[in-house]
Amino acid sequence: MKRIILAATLIVLLGMVSSPLLAVDMSANIGYNSQYIYRGIPQKNSSAFGGFDIGGAGFYGGVWSADVGDGIEIDYYGGYGFDVGDFNFGVGGTIYTYTGDFDDTYREINLSAGWKWFSFDAAIGNYDNFGGPKLDYQFYAITAEYKGFYGKFGWFADDFDGSYVEGGYGNTLTIQDTDLFDYAFAVIYSDSTLLGGESDTNLVFTVSKTFDF
């Protein structure tokens, strides 16, 4: 799977750079989470993050990193998305890596489909597990979003298990037609199976800024 994801990402990036007919958009982002919670699983309290993205004609690729306390998480991703009327579809791949001992490498294929306010996401991946038996996992999420408000239900399958529910609101702070920064609030409930102990509910605040080139 690692070779498949790397090859697909390389093809996407080379295709965008080499095509003289393709308008390429580039952007960078920085931000801060009061708590970094990913797929319902707490990673770190008070975490800064940042990334870089490139895209064009439906293709995209990028890198994103976040402070996880014991090192830095660095993610690499790429893929392709397209619209058919009110429907949208996507296929891509992601590799999650860590500079310290916080966690080991994850590799996954990503699939998505959406219609107006609703979307469905699926990830099929494997986990290196610090030299132990490699684990296979699947992750699925259903999201409804309308005018900045959203609700999400996500769950794991295969060697991973558990689920979470998330709801929140996000928008851009604008003053005199100038976009200052993006902000979001979220409430996340993670069940006891997902956390490997007791269930937990967290309130998360996020602020971020995107720079287009």
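Q: What makes β8 and β9 count as a pair in this predicted model?
A: β8 and strand β9 (residues 149–158) share 10 bridges in the antiparallel sense. The cut-off is at least two bridges found by DSSP, so they qualify as paired.

Q: Which residue of β9 stands opposite E145, and what happens in the hairpin?
A: E145 faces Y150 across the pairing. The hairpin of β8 and β9 has 2 residues between the strands, and K147 takes a positive phi near 50°.

Q: How do you know that β7 pairs with β8?
A: Run the check again: strand β7 (residues 118–127) and strand β8 (residues 135–146) are joined by 10 bridges, antiparallel. DSSP needs to find at least two, so that's a pair too. One spot to look at is S119, which stands opposite T143 in β8.

Q: Why are β3 and β4 called paired?
A: Strand β3 (residues 59–67) and strand β4 (residues 72–84) have 9 antiparallel bridges. With a threshold of at least two bridges, they are therefore paired. W64, for instance, has D75 in β4 as its bridge partner. As for the hairpin, 4 residues lie between β3 and β4, and G69 in the turn shows a positive phi of about 85°.

Q: What makes β4 and β5 a pair?
A: β4 and strand β5 (residues 87–98) pair over 12 bridges, again in the antiparallel sense. Set against the minimum of two, the label holds. D83 finds its bridge partner in N88 of β5, and the hairpin of β4 and β5 has 2 residues between the strands, with G85 at a positive phi near 65°.

Definitions and conventions: Residues are numbered from 1 along each chain as its sequence is written. This is a predicted model: local features need pLDDT of at least 70, side-chain atom pairs count only at pLDDT 80 or more; totals for chains, interfaces and linings use all residues. Side-chain values use heavy atoms; hydrogens and water are left out.
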